[in-house]
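Hi everyone, thanks for making time this morning. I'd like to walk you through a structure and how some of its helices meet.

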Amino acid sequence: MIDGYLRGARSRPATQRQMDVLAAFVAAGGSVPGAAKLLGIRPGTAKRHLADLRAKSGLSTVELIYVARAAGWLVVPNLESLWSDAPFSGQGRPHNPHAH
């Protein structure tokens, strides 16, 4: 995302509301109804904003979250603390000592 524009789509910037819905979606643990409740909108409206954002960008929801975090406009405190505080396994991911 560059100045509100998404990958290769200079003529169609993401709206602030679409970005707000994406942030609420993450905050709600990937739940569209949860995101809608956080924003005080209907689940169908939240779903439409996410679909429009995917259509504009050509990215999946997971890719949108990654791009938004990388661009710095989407901060997910529980993920940020996980990535900054965890020891690394050498593969770019926090080491999980409980993983088999």
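I'll go through two helix contacts and then a salt bridge.

Please keep in mind that this is a predicted model.

Let's start with helix H1, residues 16–27, and helix H2, residues 32–39. Their axes come within 8 Å and cross at roughly 120°. An angle of 65 to 115 degrees would count as roughly perpendicular, so H1 and H2 are instead oblique to each other. The crossing of H1 past H2 is right-handed.

Who touches whom here? On the H1 side you'll find Arg17, Asp20, Val21, Ala24, Phe25 and Ala27, and they meet Val32, Ala35, Leu38 and Leu39 of H2. Sorted by class, that contact has eight nonpolar residues, two charged ones and no polar ones.

Now stay with H1 and look across to helix H4, residues 61–71. These axes come within 11 Å and cross at roughly 100°, which means H1 is roughly perpendicular to H4. H1 brings Leu22, Phe25 and Val26 to this contact, while H4 brings Thr61, Leu64, Ile65 and Ala68. Here we have six nonpolar residues, one polar and no charged. If Phe25 sounds familiar, that's because Phe25 is also among the H1 residues that meet H2.

Last stop: how many salt bridges does the structure hold? Just one. The side chains of Arg48 and Asp52 form it, at 3.0 Å from N to O. Both residues sit in helix H3, residues 43–57, four residues apart, or about one turn of the helix. Asp52 is partly exposed, at 27% relative accessible area.

Thanks, and I'm happy to take questions!

How values were computed: Residues are numbered from 1 along each chain as its sequence is written. This is a predicted model: local features need pLDDT of at least 70, side-chain atom pairs count only at pLDDT 80 or more; totals for chains, interfaces and linings use all residues. Side-chain values use heavy atoms; hydrogens and water are left out. Axes are lines fitted to C-alpha atoms, for helices over the stretch in contact, and angles run from 0 to 180 degrees between N-to-C directions. Helices (H or I, at least four residues) and strands (E, at least two) are DSSP runs, numbered from the N terminus. Angles under 35 degrees count as roughly parallel, over 145 as roughly antiparallel, 65 to 115 as roughly perpendicular and the rest as oblique. A crossing is left-handed if the near helix is turned anticlockwise from the far one by less than a right angle, and right-handed if clockwise. Contact means heavy atoms within 4.5 Å. Ala, Val, Leu, Ile, Met, Phe, Trp, Tyr, Cys and Pro count as nonpolar, Asp, Glu, Lys and Arg as charged, and the others, Gly among them, as polar. A salt bridge is a side-chain nitrogen of Lys or Arg within 4 Å of a carboxyl oxygen of Asp or Glu. Buried means under 20% relative accessible area, exposed over 50%, partly exposed in between (1.4 Å probe, protein chains only).
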